[in-house]
Amino acid sequence: MPLLDFDGITKEYGDLIAVNDCSFEVFDGEFVSILGPSGSGKSTMLRMISGFESPTEGIIKLEAEDMTDVPPFERETNMVFQDLALFPHLTVAENIEYGLKNKEDLPPDEREAKIEEMLEMVQLGGYADRNPKELSGGEQQRVALVRALVNEPAMVLFDEPLASLDRQLRQHMQVELQRIQDKTDTTFLYVTHDQEVAMATSDRMILLRDGEIEQIGSARELYEDPASQFVANFIGDVNTIPATVRDVSDSALDLTTHAGDLDVSLSPDMIYDGAAVSAGDLVNVCVRPHNVTLATEKSSAEFSLRGEVKNRIYKGNDVRYMIDTPVGNLTVDSDTAAFDIDDTVHATWSRADGHIFASEDTDGTVTEDNQPTLSVEQ
Amino acid sequence: MTGDNSLYERLERLAYARGRTAGRSGMALVFAYLWIPIFVLVVMSFAQDIFSFPPTDPTLEWYVTFLNNDDAIGSIVTSLKLALPVTVVSVLLGLLTAFAVDRYDFAGKQYLQILTTLPLIVPLVIVGVALVLFFGALNVRTGYWTVFVAHVIRTIPFATLIIIPTVVSFDETLEEASMDLGSTEIQTFKKVTLPNIVPGIIASSLLVFTISFNEFVFTFFVKGPGTTTLPTYIWSRVRFGLTPEVNVMSTVFIVVAGTLILLAAYLTQVEDITGR
Amino acid sequence: MSSSQLSNSGALSTQLHRFAEYVRGRRRRSLALIIGAPVLALLTFFVLPLLSMLWLSLHTETGASGEFTLANYQQLIASTTYLEILKTTLVLTVETTVIVTVVGYVLAYGIVRLSTRTNLLLLLVILPFWTNYIIRMYAWINILQPDGALSSILMSLGLLAEPTGFLYNRAAVLVGFVYVWLPLAVLPFYASLNNLDEDLIEAAMDLGSGPIKTFLTVTLPLTKGGIIAGITLVAIPTFGSFITPVLLGGTNVTMIGVVIERQFNEAFNWPLGSALGMVVTAFVILMLALSTKLGADLLGTEGEAQ
């Protein structure tokens, strides 16, 4: 039985549909991220789960109880806010105690002990009597986290709390969050627009786009098996090569690019987002930079392109090459530094690593807004 | 946790469900309380006599009476003869204070600011009688000039409070650039500083004018027999001669003051007046 | 221009130049020039008069023939009349302050959290404040007088048999006070409520506090400064008020301000009036000290989240 059952939820604001018929489940002990660009509906979802908004349609169940109309102060969830919202007129201990007092489970001295214990867990032992104003950004984060955790809620909700931190601190906090989640065995539901954070921390990710769920899966699944162009673009880097379908039959799909045939014959079920295509349709052939192999000779892999090395960036653990091919620029991450600028190479990748999606554009140029890598332009 | 039904919890749920509507109804009631008297005032200006609400035969006769009332018109003229120069002087003094506060650091700066705000805090009766005392002790005859002085004192805090933020937010490096390019202080002031602080000056002028025009308590004490302003004229009518003509004067007053304040608010944005 | 005129204007401009140089030379001098007029005006026509009132309260009469005496103050303490008046004044002040604070706070809360067109609503609250004080009182005379609006409405509703007046009692004075000071008090309430970070309220509810508890544990403590400021803004002028009690209370409601006015304009007992004036001034100073100690905050800078 899932801890959280988010079932058929739609949220409309007048004509604007912020969330459109979304459903998912969260299980006890998971670290789940809701990921998406701004405007994708993720914050709205979080607010519906915490109780500050009501869905227009659908049911939200927590621990099998229908919570859709329950006010926020009666829900078993606690939230860590984006700007932390620590009470300025209370000390650190009083902040943390705030929720505990409402629950009335523990007598005052036991509360005090528990607060100190939790502060120790986040390396803030002895901070109990300080005022939040005196703390650094990272310290305030941890107090906000403890304030939520100490109540032992069914689920802790996070509204992008790490967004305002600098990179190093953020990465440190990511690790901390995971450690604490593991240790306390609490369920975390984390909303963010930053795929790096989500990938680093989550057991599963829910990727949202314009109010709809694009894909749900582990970081690995979203990375290696993206369900759509959008997912491929949002998570990690990807090369995108626009192509046209030349011929479709029950068993084969022939593609051609503006520079000529891609020299590959595929089965129709290779279109990943399940769209049916016919001759003349535009598709995008996608491949991750590190799935492309560079060789001096042509190999027998399903996808193969010949090109010249235009740029080479040494990144420490691997080398990033920009290859100029007839179909456009290809970005390749390779662990060999063998190739020099102006060398001729063959870039190849296997069918398994190539993802093909129906193109959303009619003119062949890809216009996804979250494009991490340069895509091929006409 | 859900499903608990203690009294406290039921109250909270009720507050959550109905709080917003209750609040809005409350607000509506308060706004009614604030505006209905004004509404009654204006409606009665069209009444035949003061004791028939609502007016059965609306008439403009009292407006005519008012326009022919030399005493009333005279009092308006006096009010204007005071308000206009008072505005100039007060705003000027406010400007000077603002510049001192903004451009200089000196011991006692806080006290200066407190001094300029004090006339706002001390009850008007107290300052009113103190002024009477003072003028009496100096054997100064009460009349136009005593009222003038009183009005200036009354309005300096407002002039200062509005102009200071304007001056403070003006970027002085513009002045430095101007003088660097060869202008003197006076030229710089005329061409660079003044245009930028003009909205604050206009807003505070409107405010000062309104306050001076409305001013009653100080005037009541220091005016002497000859100088009658519109507020003091209305006071004597309210005490001794109630007719809808008083409503007419009130309505005229409200319209004029309201327009001026709306203008001032538009120029400064309401935030500045509320002090945020 | 003749040569003599030319040289005259030359001399004048030279003098101006020298003056400008002189002023430019020292910050102190230019400051003195700038600050001189306003300070002089306020000292002469505000501080000095108040000091002379203090002086007169301790003397028998104005001028050189006045002797030092405490008789004026003794008269106040000894007489039960004055003590009664002081009590009436205090009670009315407290009542007004309480009502205005509660109603004003609710109004400000509604403007901040329950509505979208804040500027418009603020304007609607503030506008009546800028009309003439006398006129605002006169409006209530219109309503409360015998055969006034209230009487007519109640009669047409069948609740009243004959035209009745509601003036010349403490309730009328109270209504008048609340009407006058409500808009003023709303301002600091609004400022502090507006500055309160909404996330703090959500955090409180998320942690299990219902709306009432959230208000008591978060909103109220964090807007305390604005509340104190509003209370002070109302209590002080109410205490020294004389227009409202005269117009709406008549001879039935006597407050200190009324007595002061009478002493100056009718009885011509200026020393006694001055002593009374000092009593009011003492109240003002007390309120100011109290409010500063308790953390009055006119501009609402407390409630920002950390």
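A residue counts as buried if 20 or more other C-beta atoms lie within 10 Å of its own, as exposed if 12 or fewer do, and as partly exposed in between. Keep that handy for the exercises below, and bear in mind that this is a predicted model.

**Exercise 1. Two aspartates with positive phi**

Take Asp342(A) and Asp21(A): work out where each one sits in chain A, and decide whether each is buried, partly exposed or exposed.

*Solution.*
- Start with the backbone of Asp342(A): phi is near 75°, a positive value in a residue that isn't glycine.
- Next, place Asp342(A): it lies in the loop that links β18 (328-334) to β19 (344-349) of chain A.
- Now count neighbours. Asp342(A) has 9 C-beta neighbours inside 10 Å, so it counts as exposed, given that the cut-off for exposed is 12 or fewer.
- Turn to Asp21(A), where phi is near 50°, again positive in a residue other than glycine.
- Asp21(A) belongs to a strand, β2 (residues 16-26) of chain A.
- With 14 other C-beta atoms within 10 Å, Asp21(A) comes out as partly exposed.

**Exercise 2. Chain A in outline**

Describe the make-up of chain A: how many helices and strands does it have, and what percentage of its residues is buried?

*Solution.*
- Count the elements first: chain A has 8 helices and 20 strands.
- Then the burial: of the 378 residues in chain A, 41% are buried.
- Finally, look at the contacts between residues at least 6 apart in sequence; in chain A, 67% of these join residues at least 24 apart.

**Exercise 3. Chain C and its partners**

Chain C touches chain A and chain B. Dissect each contact by residue count, by contributing elements and by residue class.

*Solution, chain A with chain C.*
- The contact draws 20 residues from chain A and 17 residues from chain C.
- On the chain A side, β6 (77-80) and α2 (92-103) each supply at least two residues.
- The largest share of that side, 4 residues, is from α2(A).
- By class, the chain A side splits into 11 nonpolar, 6 polar and 3 charged residues.

*Solution, chain B with chain C.*
- Here 70 residues of chain B meet 76 residues of chain C.
- Several helices of chain B each give at least two residues to this side, including α1 (7-44), α3 (70-103) and α11 (244-274).
- α1(B) provides the largest share of the chain B side, at 19 residues.
- Sorted by class, the chain B side holds 54 nonpolar, 12 polar and 4 charged residues.

**Exercise 4. A helix pair inside chain C**

Work out how α8(C) and α11(C) are oriented, and what kinds of residue bring them together.

*Solution.*
- Helix α8 (residues 170-194) and helix α11 (residues 224-239) of chain C pack at an angle of about 160°, their axes 8 Å apart.
- Angles over 145 degrees count as roughly antiparallel, and so α8(C) is roughly antiparallel to α11(C).
- As for handedness, α8(C) crosses α11(C) in a right-handed way.
- In α8(C), the residues involved include Phe177(C), Trp181(C) and Phe189(C); the α11(C) side includes Gly226(C), Ala229(C) and Leu233(C).
- The contact of these two helices divides into 12 nonpolar, 5 polar and no charged residues.

**Exercise 5. The largest nonpolar core**

Which residues touch the most other members of this core, and which element gives the largest share?

*Solution.*
- Among the 263 residues of the core, the ones touching the most other members are Leu189(A), Val129(B), Leu131(B), Ala108(C), Ile134(C) and Tyr190(C).
- α8(C) gives the largest share of this core, with 16 residues.

Key. Residues are numbered from 1 along each chain as its sequence is written. Chains are lettered from A and ligands numbered from 1 in the order in which they are written. This is a predicted model: local features need pLDDT of at least 70, side-chain atom pairs count only at pLDDT 80 or more; totals for chains, interfaces and linings use all residues. Two residues are in contact if their C-beta atoms, placed from the backbone, lie within 7 Å. Ala, Val, Leu, Ile, Met, Phe, Trp, Tyr, Cys and Pro count as nonpolar, Asp, Glu, Lys and Arg as charged, and the others, Gly among them, as polar. Axes are lines fitted to C-alpha atoms, for helices over the stretch in contact, and angles run from 0 to 180 degrees between N-to-C directions. Angles under 35 degrees count as roughly parallel, over 145 as roughly antiparallel, 65 to 115 as roughly perpendicular and the rest as oblique. A crossing is left-handed if the near helix is turned anticlockwise from the far one by less than a right angle, and right-handed if clockwise. A nonpolar core is a set of buried Ala, Val, Leu, Ile, Met, Phe, Trp, Tyr and Cys residues joined through C-beta atoms within 7 Å.
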